Structure formats: C-alpha cells, structure tokens
Amino acid sequence: MKKIKIIIVTLIVAITVVSCGVYNFTGTGDLNAKTYQVNFFQNNAPIIEPGLDRDFTLALQDLILNQTSLDLVRANGDLVYEGEIVEYRVSPMSATSNNTAAQNRLTIGVQVRFTHTNRPEDDFDQRFSFFFDYPASTQLINVQDAAYLEIFERITQDIFNASLAKW
C-alpha cells in the first residue's frame, strides 16, 4: 500500500512539472527566440513633441525586457520591432454651458511593424493608439508625465500582447 502511494505522488508531481514546462505568467509560451531588437520609433506625427520618440522606444524596450527572458540586441534580433509615431493630438472632449472645453484628450498613435525571423506567420504591421483625458483648466505640460506613462503603458502592453502573448 505504501508503494502505491509513493507511485501515485510521484506521478502527480511528474505530470505537474511537465505540464507547466512552457507556460509563464506573461502568457508568452514558447517564443522560439532568444533576442529582440527595438528600432528607434521616429516621430512622424503632424505635431512633433520633442523626446516623445526616445521615450516611447525606451518604454517598449523596457516592457519586453521586464516581461520576457529575451536579450535586447542592436541588430539581427530574432524579434524586430520598428515603426513610427503617427499621431499626437490634443482635442476637446466635453463642453461646458459656456461652449468652452471642460475636458481635453491627448491621443498618441503608433504604427508598428513586427518581424519574427523564426516564425514569419507571426509578422504584422498594425496601428496602436491610446488616450489620456485631463481637465481643460489644466495645461498639458502639468500632466504630461502622467499622460505619457498611462498611454505608453497601454500601447506597449497592447504591442506585447499582439506580438508575443497572442491575446
């Protein structure tokens, strides 16, 4: 009876270890890649905000570095992210009774070309965008850091999900 218990426990442990082999908490599974490359995202939006291109490029590099075990390289990466910032727009969102803006929205859009050298069927060319709403009585410069943080977090996570997590 004791031997049967040991065999059953051993089988349960073995099955559990084997079944969790390719899963990780980011949902990426087997990436079939060891390196990634994020090329500089040029700002081609009608409104050019200085430093936005550098900040976005670094945000995407950091997110992938923090959520995978891939190594960042400057050239010949297994995964290549490139593209440009195509939208930077501030627009009024709601009006007051005096026909003035009560709230403004900053929208940033990025066109991304993703190439997976080991799985060409995963390649895509897609646009990602997100926004940040703030009171019209506040200058954008006063909320810019918070706006960029929120927008970059959402866009970079959407890019990650589309390219690696397949969500």
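## A residue in a loop: Thr68

Let's start with one residue of this predicted model. Thr68 sits in the loop that links helix 2 (52-67) to strand 3. Is Thr68 buried or exposed? Thr68 counts as buried, because its relative accessibility is 13% and the cut-off for buried is under 20%.

The side chain of Thr68 has polar partners in the backbone. One of its polar atoms lies 2.7 Å from the backbone oxygen of Ile64, and a polar atom of this side chain is 3.2 Å from the backbone nitrogen of Leu70. Which residues does Thr68 contact once its neighbours within four places in sequence are set aside? They are Leu31, Phe160 and Leu164.

## The overall plan

Now let's step back to the whole protein. It contains three helices and six strands. Reading from the N terminus, their order is α-β-β-α-β-β-β-β-α.

The protein has 167 residues, and 38% of them count as buried. Its accessible surface is about 10200 Å², with 56% of that belonging to carbon and sulfur atoms. What share of the contacts between residues at least 6 apart in sequence joins residues at least 24 apart? The share is 68%.

## The nonpolar core

In soluble globular proteins, nonpolar side chains tend to be buried together. Here, the largest nonpolar core has 37 residues, and the ones with the most contacts inside it are Tyr81, Leu106, Ile108 and Ile155. At least two core residues come from each of these elements: strand 1 (35-38), helix 2, strand 4, strand 5 (101-116), strand 6 (124-135) and helix 3 (140-165). Helix 3 contributes the most, with 11 residues.

Ile155 is a good residue to find in the structure. Apart from neighbours within four places in sequence, Ile155 is in contact with Phe56, Ile108, Val110, Phe128, Ser129 and Phe130.

## Helix 3, bend and end

Where does helix 3 bend? The bend is at Ala146, and it comes to about 35°. After helix 3 comes Lys166, which has a positive phi, near 60°.

## Residues along the strands

Three strand residues are worth a visit, beginning with Gln111 in strand 5. The side chains of Gln111 and Asp125 are joined by a polar contact of 2.6 Å. Leaving out residues up to four places away in sequence, Gln111 touches Phe41, Glu82, Gly83, Glu84, Val86, Asp125, Gln126 and Arg127.

Next is Tyr134, which belongs to strand 6. Tyr134 is buried, because its relative accessible area is 4%, and buried means under 20%. Tyr134 and Arg105 are 29 residues apart along the chain, yet their C-alpha atoms are separated by 6.4 Å. Not counting residues up to four places away in sequence, Tyr134 touches several residues, including Val90, Leu106, Leu140 and Val143.

Pro92, found in strand 4, makes a nice contrast. Is Pro92 buried or exposed? Pro92 counts as exposed, because its relative accessibility is 59% and exposed means over 50%. From C-alpha to C-alpha, Pro92 and Asn104 are 4.3 Å apart, with their places 12 residues apart in sequence. Beyond residues up to four places away in sequence, Pro92 touches Ala101, Gln103 and Asn104.

## A loop residue with positive phi: Asn76

Asn76 takes us back to a loop, this time between strand 3 (71-72) and strand 4 (79-95). The phi of Asn76 is near 60°, a positive value in a residue that is not glycine. Asn76 counts as exposed, because its relative accessibility is 72%, and the cut-off for exposed is over 50%.

## How confident is the model?

The average pLDDT of the protein is 87, and 82% of the residues score at least 70. Which residues have a pLDDT that stays under 50? These are residues 20-27, for which the model has 10 contacts beyond four places in sequence. Where pLDDT is low, the predicted coordinates should not be read in detail.

Key. Residues are numbered from 1 along each chain as its sequence is written. This is a predicted model: local features need pLDDT of at least 70, side-chain atom pairs count only at pLDDT 80 or more; totals for chains, interfaces and linings use all residues. Side-chain values use heavy atoms; hydrogens and water are left out. Helices (H or I, at least four residues) and strands (E, at least two) are DSSP runs, numbered from the N terminus. Buried means under 20% relative accessible area, exposed over 50%, partly exposed in between (1.4 Å probe, protein chains only). A polar contact is a pair of N or O atoms within 3.5 Å; within protein, one must be able to donate a hydrogen and the other to accept it, and residues adjacent in sequence count only if both atoms are side-chain atoms. Contact means heavy atoms within 4.5 Å. Accessible areas come from the Shrake-Rupley method with a 1.4 Å probe; for residues, only the protein chains shown count as cover. A nonpolar core is a set of buried Ala, Val, Leu, Ile, Met, Phe, Trp, Tyr and Cys residues joined through side-chain atoms within 4.5 Å. pLDDT is the predictor's confidence in each residue, from 0 to 100. The bend at a residue is the angle between axes fitted to the seven residues ending there and the seven starting there.
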